[in-house]
Amino acid sequence: MSLRLSTVILPVRRWHEGGRDQWLRAEELGFHTAYTYDHLAWRSFRDGPWFGAVPTLTAAAAATERLRLGTLVTSPNFRHPVTLAKELISLDDISGGRITLGIGAGGNGFDATTLLKADQEPWTPRERADRFGEFVPLLDRLLTEDSVTYEGTFYSATEARNIPGCVQRPRLPFAVAATGPRGLRLAARHGQAWVTTGDPKLFEKGTPEESREALRGQIEKLGKACADVGRDADELDKILLTGFTPDRNRPLESLDAFVDFAGKHIELGFTEIVVHAPIPDSDFATDQAVFERIATEALSQLN
């Protein structure tokens, strides 16, 4: 399978002050998919502008024609599967069937605490995994069945109607972010793609070589999870969201650096690599000209 090159556009710009232009430019540059983060706030951007993922993607769907659009990633931290399904079906309709849902268990950031009372503790990693394990299968049903009734430990639905369903059949694709055994099983059962950012334990002090070895291990575990449910792991796209491995943003310093980085990860089995659109004065302050050269020239050297 040929490599796909995609981008992430963080929702930090007002739509009429450069936001719309970024999505149009992503389509012009030929990216396969333009994703955005589905958070209430995120890291160093917490005290600055940050817009909602679904309205942003809706506007992007209306502004573009060919570009696939998606989230990296949506989580149960502040989403409910019933309301999310309704929004996704609407978004898939508006886009003409160009939506991919990146979905994960969520983490410890602002999404995990913003909706809590002052004396409440955030969910533990185990509870996040428990919720994710219930969230994904229920969302799958909500996007494929006209009416769903369900009562679980964390979520319920009573005759939840989702007519006419997705434009994409049987539903829009899931790109499941996971590295642990339970998440990988969800990817194997419900995913059309699998997403990773690498091994977070290696980000600060690991080497690129150690990172690639860890990614190789993750792909092997995904293969085992697929085999356990009788599925061929080659059916799943394997997506690497860059910027969180020990390489950091060095692959975006030049076209040659990116081609070298991407080539080594293609060898591991990745089919899609995602790079962040430049944001000045941030961790993603890459050179716009280099970014655009990578978008337009890298694939011809890799495929």
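In this predicted model, arginine 4 stands opposite glutamate 272, a residue of strand 10. That pair offers a convenient way into the fold, since the two strands concerned, strand 1 (residues 4-8) and strand 10 (residues 272-276), run in the parallel sense and are joined over five bridges. Stepping back, eight strands close into a barrel, and their order around it is 1-2-3-4-7-8-9-10, with parallel pairing. From one strand to the next, the twist averages 25 degrees.

Two helices that pack on this sheet can be introduced next. Helix 1, which spans residues 15-29, touches strand 1, strand 2 (33-36) and strand 3 (68-74). The direction of helix 1 makes about 150 degrees with that of strand 2. Helix 8 (residues 288-302) also packs on the sheet, where strand 1 and strand 10 are its contacts. Between the directions of helix 8 and strand 1 the angle is about 160 degrees. Strand 1 is thus touched by helix 1 and by helix 8.

Helix 1 deserves a fuller description. Its buried residues are Gly18, Gly19, Gln22, Trp23, Leu24, Ala26, Glu27 and Leu29. A general point about helices helps in reading such a list: an α-helix has 3.6 residues a turn, so residues three or four places apart point the same way. The buried residues of helix 1 pack against strand 1, strand 2 and strand 3, and also against helix 2 and helix 8. Just after the helix comes glycine 30, whose phi is positive, at about 90 degrees.

The neighbouring pair to follow is helix 1 with helix 2 (residues 53-63). Their axes come within 10 Å and cross at roughly 60 degrees. Because of this angle, helix 1 is described as oblique to helix 2. The crossing of helix 1 with helix 2 is right-handed. On the side of helix 1, the contact is made by Trp15, Arg20, Trp23 and Leu24, while helix 2 contributes Thr56, Leu57, Ala59, Ala60 and Ala63. Sorted by class, this contact of helix 1 with helix 2 has seven nonpolar, one polar and one charged residues. Trp23 and Leu24, both named in this contact, are also among the buried residues of helix 1.

Helix 2 meets helix 3 (residues 81-95) as well. Here the axes come within 9 Å and the crossing angle is roughly 15 degrees. With that angle, helix 2 counts as roughly parallel to helix 3. The two helices cross in the left-handed sense. Val54, Leu57, Thr58 and Ala61 of helix 2 form the contact together with Glu87, Leu91, Ile94 and Ser95 of helix 3. By class, the contact of helix 2 with helix 3 has five nonpolar, two polar and one charged residues. Leu57 takes part in the contact with helix 1 and in the contact with helix 3.

Several individual residues complete the picture. Arginine 79 lies in the loop between strand 3 and helix 3. Its relative accessibility is 17%, so arginine 79 counts as buried. Leaving out residues up to four places away in sequence, arginine 79 touches Asp38, Val54, Thr74, Leu84, Glu87, Phe135 and Tyr155. Among these, Val54 and Glu87 also belong to the contact between helix 2 and helix 3. Glutamate 297 lies 218 residues from arginine 79 in sequence, and their C-alpha atoms are 38 Å apart.

Arginine 128 is part of helix 4 (residues 125-144) and, at 9% relative accessibility, is buried. Its contacts, with neighbours within four places in sequence set aside, are Asn77, Ala105, Gly106, Gly107, Asn108 and Trp123. Between the C-alpha atoms of arginine 128 and arginine 25, which are 103 residues apart along the chain, the separation is 36 Å.

Asparagine 162 is found in the loop that runs between strand 6 (156-161) and strand 7 (174-177). This asparagine is buried, with a relative accessible area of 3%. Beyond residues up to four places away in sequence, asparagine 162 touches Ala85, Lys86, Ile89, Leu142, Glu145 and Asp146.

Finally, arginine 212 sits in helix 6 (residues 208-228). A relative accessibility of 16% places arginine 212 among buried residues. Its contacts, again not counting residues up to four places away in sequence, are Lys264, His265 and Leu268.

Terms used. Residues numbered from 1 in each chain as written. Predicted model: local features only at pLDDT ≥ 70, side-chain atom pairs only at ≥ 80, totals over all residues. Heavy atoms only, no water. Pairing = 2+ DSSP bridges. Helix = DSSP H or I, 4+ residues; strand = E, 2+ residues; numbered from the N terminus. Axes fitted to C-alpha atoms, helices over the stretch in contact; angles between N-to-C directions. Contact = heavy atoms within 4.5 Å. Buried < 20%, exposed > 50% of the residue type's maximum accessible area, 1.4 Å probe, protein only. Parallel < 35°, antiparallel > 145°, perpendicular 65-115°, else oblique. Left-handed = near helix turned anticlockwise from the far one by under 90°. Nonpolar A, V, L, I, M, F, W, Y, C, P; charged D, E, K, R; others polar.
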